[in-house]
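User: I am new to this structure and would like to learn how its descriptive terms are justified. Please take the terms one at a time.

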Amino acid sequence: MSSPLTSASAQAWERVLPCFRGSLVFLDTASAESLHWSVGSVGALLRAGALAVRGLTGPVGDPGQSRAVLVLDGPPRGSGLDALRDLVLSSCFQHCHVLLASPASPEESARLEEQVRRWMGDDTGVVEVRHAPLSFAPLAPYLILAPALAALFPPLPADFQRLSGRPRSDRKRPLPPAAETELPAALQAQIRGLARELASLLEELGAREECFAMGAVSRLVAGELAGDPQGKNRRKTAPHRCSLLLIDRSLDLTGAVGHHGDSLVEKIIHTLPRLPGHTIDVAVNMVELTALHIDDTSKNVIAPGCLAQPAEPAAKALWESMLSLKHKEAVMEVRRHLVEAASREKLPIKMSMGRVTAEQLSSYVQLFKNNLQALENHCGLLQLGLATSQTLKHPNYAKWDNFLAFERLLLQNIGESDLPKVLHQLLPIVKSHSERKADDYSPDDLLVLLVYIYSVVGEIPLDKELDAAEDELKKALVRVFCDGPELSPLLQKITGCESSPDLTFQKANTAVDGIFKTLREITRARMHMKQFNSVYVPGSNTNPAAYKPLLKQVLEEIFHPDRPDSLDIEHMSSGLTDLLKTGFSMFMKVSRPHPSDHPLLILFMVGGVTASEVRMVKDLISAQKPNFQVIVMSTKLLKPVDIPEMLFAAERLHLNIGV
């Protein structure tokens with residue numbers, strides 16, 4: 001069953017297909033990802049009459065090809081503008097149709113139109129710039145992502161304090177709006193871009209939103225949305241109502257780096273490499289279905305498979321099951337689909353019960369290898385089967401349970417000891433490159449564990465014992481960073497060094513000092529919150545210590561039968577009526593807006609969401625409010641290592657926004 005949001009995304013692409021007839025089509029990466037999840041392959045564009053489909057940096061084409069359609073996420077800036085200029089300058093286009101996936105102001109559209117016409121170098125050339133809502137990637141009826149905003153991550157409290165110049169003694173008080181807007185231009189552009197894309201989607205749905213926010217960046221996005229002139233008109237005439245709750249990812253990083261989620265999709269995203277040019281999907285090695293010898297060179301000969309299968313109903317249904325089921329159930333569902341497909345094709349399958357193994361799934365997939373018709377009929381299903389088997393037998397998959405066991409131990413120790421003692425327990429697992437075995441923790445893994453510890457403990461007292469424990473751990477990390485033969489991509493971004501010989505002890509010391517400053521700021525992320533200021537549940541004689549996701553706490557509060565007014569979920573007024581309603585409620589019996597007022601709640605996690613959190617939300621709603629619809633939206637589908645990159649990478653506030 002599709003949702004209004006997934007239908008809107010697919011229908012938006014269907015509406016623009018006639019534009020592509022007889023034209024070269026150029027997509028930026030975000031628009032390509034939206035196409036990938038909404039419609040499928042570029043075949044839909046070619047069937048609509050497109051001459052070819054390319055990226056912005058692809059070959060231009062023959063001189064005779066004078067018509068082009070450029071699909072961009074929004075008005076290009078920075079490197080995106082440079083790529084667009086180079087493309088048009090090196091072409092012979094006489095007609096350019098520019099489709100902007102997120103809406104632009106009339107001034108921005110006119111400026112872009114003039115720039116493209118000038119680059120074409122022909123006064124008789126035709127340039128059209130218009131908006132088409134092609135921004136979002138619908139992964140499932142209950143999960144929508146915005147790939148163009150994958151780099152957006154809410155700053156920590158210290159970032160706002162530093163930018164606003166407020167004294168440290170004043171940091172306990174909530175930040176005033178003025179402090180929140182003292183942000184770099186690139187980050188402000190991302191915030192405005194998110195507000196524009198949400199407004200565009202709500203326009204497509206014909207929905208009037210009641211907006212709520214948790215976190216500084218979420219408040220800014222909600223403020224932009226409320227102040228949008230077109231949004232004010234939409235809210236007067238829209239036939240449908242919904243609630244929109246925006247939450248900053250930085251308020252709960254434990255869930256983003258933890259391994260407690262029992263989700264097959266989360267493990268696939270964590271284990272397999274990203275599909276080139278994508279921020280969501282992974283690359284599935286398809287060599288097993290060919291006659292090629294399987295080695296490191298052959299994997300680059302065959303185009304990779306992927307998880308997105310919107311054009312194949314059976315594969316799409318399996319993918320949605322994999323997202324919504326627990327790991328063991330999802331793996332069994334993959335096996336069931338492969339067995340049923342092989343049976344329909346009359347392939348010689350041998351039934352096997354009991355535990356599902358990677359070898360078993362691989363053997364089922366290879367039954368299709370020499371049957372071209374069967375391969376074509378079930379191509380999407382086979383890609384999901386291979387993604388599962390390759391994940392189950394990957395060396396990194398075995399580490400998942402190691403992480404989970406260690407995290408549970410840390411939760412117990414945090415309740416029984418203070419933070420310095422917990423940090424001392426990390427020292428034995430900080431091993432040099434020569435000492436590490438396959439199941440030991442790499443430097444990247446250690447950073448994930450540190451984020452887990454500091455995010456789950458909450459605000460901590462600063463003392464000499466903590467300083468000493470951190471200093472000892474810093475020295476061990478500096479040694480580990482410097483002694484490896486090569487730097488991981490994460491360490492390259494953190495240290496600013498491309499290779500191990502470039503990393504001096506001084507540079508490593510500087511990087512590690514910065515990491516621990518950020519870790520201390522993580523502990524203060526919920527310092528302004530009155531109700532949801534902890535995600536840690538201490539243990540007792542009957543129950544072990546546990547992590548309770550912020551998202552779960554928030555939803556339980558929203559759907560509490562008494563409908564209490566939350567102290568931390570802020571209603572964002574969008575007009576005089578809402579202001580009056582909020583004000584009068586202080587001294588009259590006026591019902592204040594509540595996130596459960598409407599039958600649809602759009603829950604937007606600013607900075608990323610995990611597959612486990614999506615499944616948790618779906619299960620919670622099914623149990624507590626089966627007739628209520630909740631759609632999770634976010635900027636990224638996270639894996640644990642994404643968070644250290646967003647937190648510790650140099651110049652993290654100065655985002656590279658090409659478009």
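Analyst: A definition comes first: two strands pair if DSSP finds at least two bridges between them. In this predicted model, six bridges join β3 to β4, so the pair satisfies that requirement of at least two bridges. The two strands run parallel, and Arg67 stands opposite His95 in β4.

User: What makes β1 and β3 a pair?

Analyst: Strand β1 (residues 24-27) and strand β3 (residues 67-72) share four bridges in the parallel sense. At least two bridges are required, and therefore the two strands count as paired. Within β1 and β3, Phe26 stands opposite Leu70.

User: Why are β2 and β5 said to stand at the edges of the sheet?

Analyst: The open sheet has five strands in the order β2-β1-β3-β4-β5, with parallel pairing. Because β2 (52-55) and β5 (126-131) each have a single partner strand, one side of each is left without a neighbour in the sheet. On average, neighbouring strands of this sheet are turned by 20° against each other, direction ignored. Helix α5 (residues 106-120) packs on the sheet and touches β4 (95-100) and β5. The direction of α5 makes about 150° with that of β5.

User: Why is β4 called largely enclosed by the rest of the structure?

Analyst: Six of the six residues of β4 are buried, and therefore the strand is described as largely enclosed. His95, His97 and Leu99 point one way from β4, while Cys96, Val98 and Leu100 point the other way. In a regular strand, side chains alternate between the two faces of the sheet.

User: How do you know that Ser200 is buried?

Analyst: The relative accessible area of Ser200 is 8%. The term buried applies under 20%, so Ser200 qualifies. Ser200 is found in helix α8 (residues 185-205). Not counting residues up to four places away in sequence, Ser200 touches Ala101, Pro103, His131 and Pro133. Ser200 and Ser102 are 98 residues apart in sequence, and their C-alpha atoms are 6.8 Å apart in space.

User: What makes the approach of the side chains of Ser200 and His131 a polar contact?

Analyst: The side chains of Ser200 and His131 make this contact at 3.0 Å. The limit for a pair of N or O atoms is 3.5 Å, so the distance meets the criterion.

User: Do the same terms have a basis at Asn413, and what is its relative accessible area?

Analyst: Asn413 has a relative accessible area of 10%, and because the limit is under 20%, Asn413 is called buried. Asn413 lies in helix α18 (residues 397-416). A polar contact of 2.7 Å joins the side chains of Asn413 and Gln425, a distance within the 3.5 Å limit. Leaving aside neighbours within four places in sequence, Asn413 is in contact with Val422 and Gln425.

User: What makes a set of residues a nonpolar core, and how many residues has the largest one?

Analyst: Such a core consists of buried residues of certain kinds, including Leu, Ile and Met, joined through side-chain atoms within 4.5 Å. The largest nonpolar core has 134 residues, and those with the most contacts inside it are Leu143, Met214, Leu245, Ile247 and Leu450. Helix α20 (residues 443-457) supplies the largest share of this core, 10 residues. A second, separate core of 34 residues includes Ala8, Leu183, Leu194 and Ala222. In soluble globular proteins, nonpolar side chains tend to be buried together.

Technical notes. Residues are numbered from 1 along each chain as its sequence is written. This is a predicted model: local features need pLDDT of at least 70, side-chain atom pairs count only at pLDDT 80 or more; totals for chains, interfaces and linings use all residues. Side-chain values use heavy atoms; hydrogens and water are left out. Buried means under 20% relative accessible area, exposed over 50%, partly exposed in between (1.4 Å probe, protein chains only). A polar contact is a pair of N or O atoms within 3.5 Å; within protein, one must be able to donate a hydrogen and the other to accept it, and residues adjacent in sequence count only if both atoms are side-chain atoms. Contact means heavy atoms within 4.5 Å. Axes are lines fitted to C-alpha atoms, for helices over the stretch in contact, and angles run from 0 to 180 degrees between N-to-C directions.
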